[in-house]
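Biologist: Before I take any labels on trust, I'd like to hear the reasoning behind them. Can we go through the model together?

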Amino acid sequence: MVHFVGAGCGAPDLITVRGQRLLREADVIIYAGSLVNPALLKEAKPGCEIHDSAKMTLEDVFSVVQAAEAAGKSTVRLHTGDPSLYGAIREQIDLLEEAGVRYDVTPGVSAFSGAAAALAHLGGAEYTLPDVSQTLIVTRMAGRTPVPEREEIEKLAAHRASMAVYLSAGMVERLSEKLIAGGYPEDTPAAIVYKASWPDEKTIVCTVGLLPALAEEHRITKTALILVGDFLGEDYARSKLYDPAFTTGYREALV
């Protein structure tokens, strides 16, 4: 059986309990070596066969899985963050389906969650603040992997919602231009979060207009998430859920 496991955003203790158990039990581990913290491999049992998928094609990965299945071994496919976001798991699952190989998926802590936590020491980051934004857009810039025209940054920016931009740290100048062209004012709060939850984590709070200059100053070109939106600002409304004047299904209004 193949277990797709989300490794989390970096820190080895941010993997789920289930994911940790599956890692410890695995006979074969195929991990995304360019992104997954190698400290997680310390969970592997003696004799576990370990492969770095950064050096492999889809066909190479499937060949390892087939060999493991033929030998009656269990495989963990260890992906960074959560496998459902930019994890390229669908193409792997299609091959497993065709071959009749059983599989399951264990979710993980995605980078957008890790990035918000990384900003806690600066006053916190909550993507869905009342009267500010109730929507989080998770997206990326077009690069070697294209983005559908309807999902171009300028079109998404028109919503002025909270935004977490993946896989775009090397294109921050163009990203800034597109965000502004789409509707975010230049002074909209923004942040660059480099390697959230890793030992060398770095957080830079700025504005949309200053993103390129600060990314260059700090020499950040990859492994960073760009956060954009007024949720990083100071103004928001208090939650109704905990408002004494608000009745819920569990308590009556006090005033």
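Biologist: What makes S8 and S10 a pair, and in which sense do they run?

Modeller: Keep in mind that this is a predicted model. Pairing takes at least two bridges, and S8 and S10 have five, in the antiparallel sense. So by that cut-off they pair. One bridge partner of Ala-190 in S10 is Val-228.

Biologist: And what makes S7 a partner of S10?

Modeller: The rule is again at least two bridges, and three join S7 to S10, running antiparallel. Met-163 has Val-228 as its bridge partner in S10.

Biologist: How do you know that S10 is largely enclosed?

Modeller: Buried means under 20% relative accessible area. Five of the five residues of S10 meet that, so the strand is largely enclosed by the rest of the structure. Both faces are covered: Ala-224, Ile-226 and Val-228 sit on one side, Leu-225 and Leu-227 on the other.

Biologist: What makes a set of residues there a nonpolar core?

Modeller: Its members are buried nonpolar residues joined through side-chain atoms within 4.5 Å. The largest such core has 26 residues, and Ile-226 and Val-228 are among those with the most contacts inside it. S7, S8 and S10 are among the elements that each supply at least two of its residues.

Biologist: Why are S3 and S5 called edge strands?

Modeller: The open sheet has the order S3-S2-S4-S1-S5. S3 and S5 each have a single partner strand, so one side of each is left without a neighbour in the sheet.

How values were computed:
Residues are numbered from 1 along each chain as its sequence is written. This is a predicted model: local features need pLDDT of at least 70, side-chain atom pairs count only at pLDDT 80 or more; totals for chains, interfaces and linings use all residues. Side-chain values use heavy atoms; hydrogens and water are left out. Helices (H or I, at least four residues) and strands (E, at least two) are DSSP runs, numbered from the N terminus. Buried means under 20% relative accessible area, exposed over 50%, partly exposed in between (1.4 Å probe, protein chains only).
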